[in-house]
Amino acid sequence: MSEHTTPRKSFWTPANIVTAVILVIGLILTVKRFTMGLDSVTNLSDDNPWGIWIGFDLLCGVALAAGGYTTSAAVYLFGMKKFHSAVRPAITTAFLGYAFVVFALLYDLGRYYRLPYPLTIYPGPTSFLFEVGLCVALYLTVLAIEFSPALWEALNWKKLRAWAHALTLVLTIFGVVLSTLHQSSLGALYLIAPSKLHPLWYSPYLALFFFVSSIPAGLSMVIFEGRLSHKYLHHKMDATHLEESPGVTLGFAKAAAVVLFAYFNLKWIGVALDDNWKYLATGWGAWFLVELLGFVLTPCLMYAVAAREKNQNLAFYASIVTVAGIVLNRLNVSLVAFNWRLPAAARYMPSLEEILLTVFIVTLEITVLRICLCKLPILHEHPEFKGAH
């Protein structure tokens, strides 16, 4: 080998080895689940029919994929062109997020092959679950079309790219409407269980809480992934993305601070209107305060300081706390504070297989996202389509 020859980097890095192990274990458990049934891998029961696959994979997955509609609305509806470089990464994350939400849902359904039935054979238009399914299916289609220009550019299919790009404004409006509906309806699903969900988390305004909290969730995911891309995929980013990155981080930090403050106050208004002050003196009240003070108010203040001081690192840390807070809230509503009156022995705890399959699904999504960011013109403009976005 010449002394000037750059040695080829090995594919088997520690991160890739861990990823491969997780994927192999996940594939084995997937075969077990679909050949031996739900009972072979879950602790679900008639008292606890929804577990971690709904609480984390669905509720958290949909909320954290909200960066698609928040970013595209900011750029294409409100004219904030300075955030344009964040649109494609946000749309890509949202598309993969929703696609893997549907993928994860197949694991939870006993008769997974009947997934289209509620929309086709047995429609139930008066059900929140029907509305969620319809909106997610439509929005996934919208995201697929919004994501497709990057694929058509890589394949140099100019006519398809032009067709998809021409629909940008219509798709953005449609996507915002659909997101407003299903983000809120996921919260509304729990309105039918007032006796099962603890009063501090149950509220007639659950639909509003879920929708409002999805906005900082989406903004935080854009900041979080943007900073990681800037650090680990710096070589894939063009000058425009590098120049606009600080503005995206600080601009979204300012917006997230405002919405988190509004959400914080809305939660307290809900407590006041339902007269649930007495529960704050209990253990459940302490846990509720941990969620609100530690994972809503704290990142709100962190974002505000970051925006004022133009501190991108602080905004990044605030995004981590915000994402953790959204996950905590969704798990509190769906698992922790659900069936709170049942004795501990009857409460749901996810099995090891459920947890491993969730890790498998998240790892698979991250792997596909990494491939997309490396192989498609997402963090940079395609040379033949510069200025055509």
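This briefing walks through the salt bridges, nonpolar cores and helix pairs of the structure above. Keep in mind that the model is predicted. The structure holds four salt bridges, and its largest nonpolar core has 78 residues. We will also stop at one leucine, L219, which sits in helix α8.

**Salt bridges**

- Let's begin with a link between distant parts of the chain: E353 and K32 are joined by a salt bridge, with N and O 3.7 Å apart.
- E353 belongs to helix α12 (residues 352-375) and K32 to helix α1 (residues 14-36), and their positions lie 321 residues apart in the chain.
- How accessible are these two partners? E353 is partly exposed, with a relative accessible area of 23%, and K32 is partly exposed as well, at 26%.
- Another salt bridge pairs E153 with R88, and here the closest N and O atoms are 2.7 Å apart.
- Because E153 lies in helix α5 (residues 128-155) and R88 in helix α4 (residues 87-108), this pair ties together parts that are 65 residues apart in sequence.
- Are E153 and R88 buried or exposed? Both of these residues are buried.
- The pair also belongs to a network of salt bridges, which links R88, E153 and R161.
- E309 and R308 form a salt bridge too, at 3.0 Å from N to O.
- In this pair, E309 counts as partly exposed at 48% relative accessibility, while R308 counts as exposed at 62%; the cut-off for exposed is over 50%, which is why the two get different labels.

**Nonpolar cores**

- As general background, nonpolar side chains in soluble globular proteins tend to be buried together.
- Which residues have the most contacts inside the largest nonpolar core? They are Y98, L186, Y190, L197 and Y303, in a core of 78 residues.
- Helix α9 (residues 239-273) gives the most to this core, contributing eleven residues.
- Take a closer look at Y98: leaving aside residues up to four places away in sequence, Y98 touches V62, A65, V136, Y139, L140, L143, H182 and Q183.
- Apart from the largest core lies another one, of 14 residues, including L29, F100, Y348 and F360.

**A look at L219**

- You can find L219 in helix α8, which covers residues 206-232.
- L219 has a relative accessible area of 7%, so it is buried.
- What does L219 touch? Not counting residues up to four places away in sequence, its contacts are T70, F252, A255 and A256.
- For a sense of distance, the C-alpha atoms of L219 and T298 are separated by 16 Å, and these residues are 79 apart along the chain.

**Helix pairs**

- Helix α10 (residues 283-309) and helix α11 (residues 312-336) have axes that come within 9 Å and cross at roughly 155°.
- Angles over 145 degrees count as roughly antiparallel, so α10 and α11 are roughly antiparallel to each other.
- What is the handedness of the crossing of α10 and α11? It is left-handed.
- The axes of α5 and helix α7 (residues 168-188) also come within 9 Å, and they cross at roughly 150°.
- The crossing of α5 and α7 is left-handed.
- Many residues meet where α5 and α7 come together: among them are F128, V132, V136 and Y139 from α5, and L171, F174, L178, H182 and L186 from α7.

Definitions and conventions: Residues numbered from 1 in each chain as written. Predicted model: local features only at pLDDT ≥ 70, side-chain atom pairs only at ≥ 80, totals over all residues. Heavy atoms only, no water. Salt bridge = Lys/Arg side-chain N within 4 Å of Asp/Glu carboxyl O. Helix = DSSP H or I, 4+ residues; strand = E, 2+ residues; numbered from the N terminus. Buried < 20%, exposed > 50% of the residue type's maximum accessible area, 1.4 Å probe, protein only. Contact = heavy atoms within 4.5 Å. Core = buried A, V, L, I, M, F, W, Y, C linked by side-chain atoms within 4.5 Å. Axes fitted to C-alpha atoms, helices over the stretch in contact; angles between N-to-C directions. Parallel < 35°, antiparallel > 145°, perpendicular 65-115°, else oblique. Left-handed = near helix turned anticlockwise from the far one by under 90°.
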